[in-house]
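Visitor: I am new to this structure and would like a close look at a single part of it. Please start there and then work outward to the rest.

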Amino acid sequence: MSEPPKHLLIVDDERALREAVAERLADHGFVVEQAASGEEAIQRIAGFAFDILITDLKLPGIDGRQVLEAALERYPDIVAIVITGYGTVKDAVDAIKQGAADFITKPFQFDALLHVLNSAMEQRRLKSENAYLRSQLQERYRIDGLVGRSRVMRDLFQLLEIVAATSSTVLITGETGTGKELAAKAIHHNSARRAQRFLAINCSAIPETLLEAELFGHVRGAFTGAVANRQGRFEQAHKGTLFLDEVGTMSPALQAKLLRVIQEREFERVGDSHPIKIDVRVIAATHSDLAKMVTEGTFREDLYYRLNVIPVRLPPLRERRDDIPLLVQHFLQKLSSELGRGPATMSQEGLRRLMAYHWPGNVRQLENVVERSIAFSQGRPQVEVQDLASELDTTPAPDSPELSFPDEGVDFEQYVSNVELSLIRQSLVRTSGNKRQAAKLLNLKRTTLIEKLKRLEPREQH
Ligand SMILES: Nc1ncnc2c1ncn2[C@@H]1O[C@H](COP(=O)(O)OP(=O)(O)OP(=O)(O)O)[C@@H](O)[C@H]1O
Ligand SMILES: [Mg+2]
């Protein structure tokens, strides 16, 4: 398979030299663009992710150092070669300290430039290959990090490998603690982007007003407090993978902007009008039901289909209880070696208890329970059932409805609605009908409580 052509920008105010070099570089298979000034160069760099920059250091106006700086700020991986005048080696050294790959002194033969360029690219290739080898070691850990032996998990591992080989957008769904982030990392580390960055951002953890700048960057003066230009996560993840966690919480405006990046691979920084081209794989995750949000009109349908090109669902732990012994073993090993202890085991009775529990917090909760049980076992080689946390007692709390399961089955939706309504009623009774306080008791948004009431009450009447 032949490599895609490299995009190169050459910056020099000496037209004859610039054009001659550009022409010969094009003969050698580079896709070449030219800039006659620092200003023009910076403008081009802002709009396009070049692989290679060749710039004269001495330019009228904005000089080569500033061009270099602008390029490296956006694209840390760009291969930059600077052209220096005779007897200005110090400038060249400074440029290399700044991040240039190499330099060449004027006047030069084209072949000398080609040589410098080829070895700089080779260096870069080796660097990312080393990073790749390193990541393969980690990858083994990462893949091992996602433990599972059940049918669903083995199918999932296979799917993750297939997905990794594509550059398609992925939507990972699953309850809290099911391993969505681990799965996203596994995709990245198995993909061709493995030597590049994996960046994660939790959309629900950042206030709406800051999220846009966080994702897309901003220019100086874009808003109060924007004292300098800043790259967003999309730019930082160029050529790599961006993990957008809790994508369901994005505002409609941001959803629109995200759709555009995914569709057109370009965006503008906040406060700027220059489109920036970008090559980023997006992996989104959510624990909410996006399809439902689409029908309710709170999530864009077009964005949903763009994200959901390859759906990856992480099953809750209670749907794969046969993974529990393996996971327990995995965590016991990991945690006891972290504590510098010999390997501990779980008693059979302890395992039975763990396998009977319904795990609302899934694997994360299991890990926490195992961690605490090791502490309680006080160095004994076997963890006993009494070392397990009391949260595993499956008897329902006094106020909750009896969660028995009739032989003939239940109408799931109706049953759950009844539970919801009962909780809301009790909270309203306790707060004398104050919805704000009731919502607080339930750890719900007030608007959510009101919506639920509206939805649940009429159904109850028939
Ligand atoms: N299959 C698994 N094997 C081993 N560890 C796992 C597995 N799934 C999850 N974990 C562990 O559980 C914890 C939670 O995983 P992760 O952060 O990927 O979950 P998540 O689905 O992103 O959760 P949330 O929705 O709360 O963000 C981590 O400590 C992770 O190591
Ligand atoms: Mg997560």
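Visitor: Why does Arg-265 count as partly exposed?

Guide: The model is predicted, and what follows describes that prediction. Arg-265 counts as partly exposed because its relative accessibility is 37%, and the class runs between the limit for buried, under 20%, and the limit for exposed, over 50%. The residue sits in the loop that links α10, residues 252–264, to β9, residues 266–267. Its backbone also deserves a look: Arg-265 is not a glycine, yet its phi is positive, about 55°. Most residues other than glycine have a negative phi.

Trp-359 can be set beside it. This residue is not a glycine either, and its phi is positive at about 50°. Trp-359 is likewise placed in a loop, here between α14, residues 348–356, and α15. The surroundings are another matter: with a relative accessibility of 0%, Trp-359 counts as buried.

Two glycines with positive phi come just after helices. Gly-29 follows α1, with a phi near 95°. Gly-340 comes just after α13 and has a phi of about 70°. A further backbone feature is the cis peptide bond between Lys-106 and Pro-107, with omega at about -10°. Most peptide bonds are trans. Pro-107 belongs to the loop between β5, residues 102–105, and α5, residues 110–145.

The helices just named can be taken in turn. Helix α1 covers residues 15–27, 13 residues in total, and spans 18 Å from first C-alpha to last, close to the 18 Å expected at 1.5 Å a residue. Its buried residues are Arg-18, Val-21, Ala-22 and Leu-25. Viewed down the axis of α1, these buried residues stay within an arc of 105°, so they line one face of the helix. The other side of α1 carries the exposed residues Ala-16, Glu-23 and Asp-27.

Helix α13 has 15 residues and reaches 21 Å between its first and last C-alpha, close to the 21 Å expected at 1.5 Å a residue. Its buried residues include Ile-324, Leu-327, Val-328, His-330, Phe-331 and Ser-336.

α13 also leads to the ligand. Together with α7, residues 180–189, and α15, residues 362–376, it belongs to the helices that each supply at least two residues of the shell around ligand 1. In total, 17 residues surround ligand 1, and the closest are Gly-145, Val-147, Thr-176, Lys-180 and Arg-364. By class, the shell consists of seven nonpolar, five polar and five charged residues. Some distances can be given atom by atom. A side-chain N or O atom of Arg-364 is 2.8 Å from an oxygen atom of ligand 1. From the backbone, a polar atom of Gly-179 lies 3.1 Å from an oxygen atom of the ligand. A backbone N or O atom of Glu-181 is also 3.1 Å from a ligand oxygen. The protein covers 85% of the 630 Å² of accessible area that ligand 1 has on its own.

A few residues earlier in the chain complete the tour. Leu-68 is part of helix α3 and counts as buried, at 0% relative accessibility. Its C-alpha is 8.7 Å from that of Leu-57, which is 11 residues away along the chain. Tyr-75 lies in the loop between α3, residues 64–74, and β4. With a relative accessible area of 4%, Tyr-75 is buried too. Its C-alpha and that of Val-152 are separated by 40 Å, at 77 residues apart along the chain. Strand β4, residues 79–84, contains Thr-84. Thr-84 is buried at 3% relative accessibility, and its side chain makes a polar contact of 3.5 Å with the side chain of Thr-105.

To return to the starting point, Arg-265 is partly exposed at 37%, while Trp-359 is buried at 0%.

Note on methods: Residues numbered from 1 in each chain as written. Chains lettered and ligands numbered in written order. Predicted model: local features only at pLDDT ≥ 70, side-chain atom pairs only at ≥ 80, totals over all residues. Heavy atoms only, no water. Near = heavy atom within 4 Å. Polar contact = N/O pair within 3.5 Å; in protein donor to acceptor, adjacent residues only side chain to side chain. Areas by Shrake-Rupley, 256 points an atom, 1.4 Å probe, with all protein chains shown as cover. Helix = DSSP H or I, 4+ residues; strand = E, 2+ residues; numbered from the N terminus. Nonpolar A, V, L, I, M, F, W, Y, C, P; charged D, E, K, R; others polar. Expected span 1.5 Å × (residues − 1). Buried < 20%, exposed > 50% of the residue type's maximum accessible area, 1.4 Å probe, protein only. Arc of directions from axis to C-beta.
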